Amino acid sequence: MRRTLALLVLALSGHAAIAAPDYLDDRSTPAALVRSLYNAISLQQYARAWSYFADAEKERDYADFAKGYADTAAASVTVGPVTSEGAAGSIYTTLGVTVTAWTTDGSTESFGGCYVVRQIQPAIQEPPFTPLQIEDGHLVPRPADDAMPSS
């Protein structure tokens, strides 16, 4: 199911207001996890967004991570090509994505790229359980009509 970010345009000081999306925290599939990431960013819940990443991806500082979204009013993601492969008790899924970001100054930016999500085989885990997690992600600014990677 595709979730889209509802836009509510109000004539307030020349800026568009964006309606907050409903809370979404879903780790049931790689695509749902990436959608949950952008839901957290849209709701300015940066600690929740940070929690979707694997420890290896958290090499940078949380404060820098949150600061990177300081000018983001909302973001929407479209998931495109998805491929999965197994390796030593894990399933790695690569998802092509297009991200549209609305900034606090009213402008729109588009990005294309991919995320790699890892699921450790649940049957072989011992506590604490590790849910789906984002291992890596790369986005680059791209025109909106050409943002989705082909593979």
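Where is Q44 found? Hold that thought for a minute while I set the scene.

What we have here is a predicted model, so local features need pLDDT of at least 70 and side-chain atom pairs count only at pLDDT 80 or more, while totals for chains, interfaces and linings use all residues. Residues are numbered from 1 along each chain as its sequence is written, and side-chain values use heavy atoms, with hydrogens and water left out.

Okay, the sheet. It's an open one with four strands, ordered β1-β2-β3-β4, and the pairing is antiparallel. Strands here are DSSP runs of E with at least two residues, helices are runs of H or I with at least four, and both are numbered from the N terminus. Two strands pair if DSSP finds at least two bridges between them. As a reminder, strands of a sheet pair through backbone hydrogen bonds, either parallel or antiparallel.

At the edges stand β1 (72-87) and β4 (133-141); each has a single partner strand, so one side of each is left without a neighbour in the sheet. On average, neighbouring strands are turned by 20° against each other, direction ignored. Between β2 (residues 90-103) and β3 (residues 108-120), which run antiparallel, there are 13 bridges. If you want a spot to click on, S90 stands opposite I120 in β3.

Now α1, residues 30-42. This helix packs on the sheet and touches β1, β2, β3 and β4, with its direction at about 160° to that of β1. Contact means heavy atoms within 4.5 Å. For the angles, axes are lines fitted to C-alpha atoms, for helices over the stretch in contact, and values run from 0 to 180 degrees between N-to-C directions.

How much of α1 is buried? 13 of its 13 residues are, where buried means under 20% relative accessible area, exposed over 50%, and partly exposed in between (1.4 Å probe, protein chains only).

Back to Q44, then. You'll find Q44 in the loop between α1 and α2 (46-51). Its phi is positive, near 55°, and this isn't a glycine. At 38% relative accessibility, Q44 counts as partly exposed.

A88 is another one to look at: phi is near 45°, again positive in a residue other than glycine. A88 sits in the loop between β1 and β2, and at 86% relative accessibility it counts as exposed.

Last stop: P127 and P128 are joined by a cis peptide bond, with omega about 0°. P128 lies in the loop between β3 and β4. For background, most residues other than glycine have a negative phi, and most peptide bonds are trans.
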